[in-house]
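Welcome, and please bring the model up in your viewer with the cartoon switched on. We will go from one selection to the next and look at what is there.

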Amino acid sequence: MSRLDRRTMMIAAAAAMAGRATAATGRADLRRLGYDALIYLLPIYEMAAARARTLAGGREQNVFRHARRLADAKSRAVTTPNSDTLYSSAWIDLSQGVDIALPKTGSRYFSLALMDAYSNNFAVLGGADRIGAETLRLIHGGPPGRGLTVTSPTPMVWALARTYAGGEQDLPGAQAVQDQVRILTPTAANPGFAPAPPRSDPLGVLAYGQAALAANPPPARDRAMLKRLAPLGIGLGRQFPPKDLSPAQLDEVRAGVAQALADLKVDESKPVQGWIYEKPDTGDFGRDYLNRARVALTGLAALPLSEALYLKGAGDHPNGDYDGAFEHRLVFPRGPCRRPTPSGR
């Protein structure tokens with residue numbers, strides 16, 4: 001069992017017993033709470049940070065912005081982007097319902113992934129199922145529309161559309177599909193989102209994540225974890241850092257956060273026949289806070305297994321390097337591809 005897998009079990013056990021503890025006492029307790037707080041809050045911190053970067057300079061919310069060229073080695077907006085995909089992105093404020101025009105794509109691959117504030121894909125439109133032109137009503141606790149309606153778990157949503165382009169000669173057709181992807185309701189004002197503190201500021205990361213949590217209530221399934229983190233001022237109606245923690249105690253929290261970030265950077269994945277696979281719950285994480293945090297650290301926009309497989313070569317050597325001595329091939333069976341069924345859900 002890997003160190004991170006063991007840590008997952010420890011977090012789950014600690015959350016289950018959270019009701020027995022009423023305060024954080026002792027250096028070890030505070031370090032563990034700082035560790036677990038970072039694991040839990042990192043995804044919402046990263047989502048809020050990405051929104052602030054994108055909307056810097058007063059750019060409006062509820063507007064799709066289209067990347068018109070195919071990604072190359074210099075592309076950094078999306079982690080490990082597809083080289084045959086055009087991306088369209090919008091940060092959506094659901095204080096009121098939003099209507100989104102979906103394109104008619106025919107046989108061209110198109111998907112619109114909708115991610116909540118905690119980086120979970122709560123809906124993917126199109127994709128392997130394809131779609132015809134229609135209007136999507138996206139809401140958060142409001143009345144449904146007449147047709148296709150999707151309810152978001154949080155008022156903050158990242159909408160990321162992917163449109164297939166078969167090379168430079170196919171760009172006009174792919175761009176025409178992008179032009180059909182638009183938000184029909186009025187744009188939302190930008191209240192001036194504060195830029196995120198760097199990860200090198202552990203307490204700043206937790207404070208920024210807690211502020212985003214306060215504006216985007218977490219799901220009921222997180223109740224046990226939030227009860228455990230309550231002594232740190234993490235959760236609805238709470239304030240981080242709490243006033244009753246001394247500077248020395250906050251130093252222990254910092255140490256726990258730093259250790260969590262260091263552990264997340266250690267890739268303990270085991271290759272299978274030369275390939276490293278993502279976990280089955282990637283993109284729709286449930287209570288797998290550790291995998292959610294790991295993905296948030298390396299790239300937020302991960303589709304669920306029902307839509308995409310994320311593979312990387314394991315390399316010819318233990319350090320991941322290649323020397324060209326072996327071929328690494330990914331082979332698909334002949335015939336049409338079928339939509340995969342996620343396991344463990």
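Which residue of strand 8 does Ser111 stand opposite? Select Ser111 and look across to strand 8: the residue facing Ser111 is Arg162. Before going further, keep in mind that this is a predicted model.

**First stop: strand 8**

Now select residues 156-164, which make up strand 8. This strand is mostly covered, with eight of its nine residues buried. On one pairing, choose residues 110-115: this is strand 4, joined to strand 8 by six bridges in the antiparallel sense. Then add residues 85-93, strand 2, which also pairs with strand 8 in the antiparallel sense, here over nine bridges. To find your place in that pairing, label Leu86 and Thr163, since they are bridge partners, with Thr163 lying in strand 8.

**Second stop: the five-stranded sheet**

Widen the selection to the open sheet around these strands. Five strands form it, in the order 1-2-8-4-5, with antiparallel pairing. Strand 1 and strand 5 (121-126) stand at the edges and have a single partner strand each, so one side of each lacks a neighbour in the sheet. At the strand 1 edge, two bridges link strand 1 to strand 2, and the two run antiparallel. Pick His66 here, and you will find Ser88 of strand 2 opposite.

**Third stop: helix 3**

With the sheet still shown, turn to the helix that packs on it. Helix 3 touches strand 1, strand 2, strand 4 and strand 8, and its direction makes about 15° with that of strand 2. Select residues 171-180 to see helix 3, then show side chains for its buried residues: Leu171, Ala174, Val177 and Gln178. Why do these four lie on the same side of helix 3? Because they cover an arc of only 125° around the axis. Follow these buried residues outward, and you meet strand 1 (65-66), strand 2, strand 4 and strand 8, against which they pack.

**Last stop: the four-stranded sheet**

Hide what you have and bring up the other strands. Here is an open sheet of four strands in the order 7-6-3-9, and its pairing is mixed. Its edge strands are strand 7 (148-151) and strand 9 (182-183), each pairing on one side only. Select residues 134-139 for strand 6, which runs parallel to strand 7 and is joined to it by four bridges. Finish by labelling Leu136, whose bridge partner in strand 7 is Leu148.

Key: Residues numbered from 1 in each chain as written. Predicted model: local features only at pLDDT ≥ 70, side-chain atom pairs only at ≥ 80, totals over all residues. Heavy atoms only, no water. Buried < 20%, exposed > 50% of the residue type's maximum accessible area, 1.4 Å probe, protein only. Pairing = 2+ DSSP bridges. Arc of directions from axis to C-beta. Contact = heavy atoms within 4.5 Å. Axes fitted to C-alpha atoms, helices over the stretch in contact; angles between N-to-C directions.
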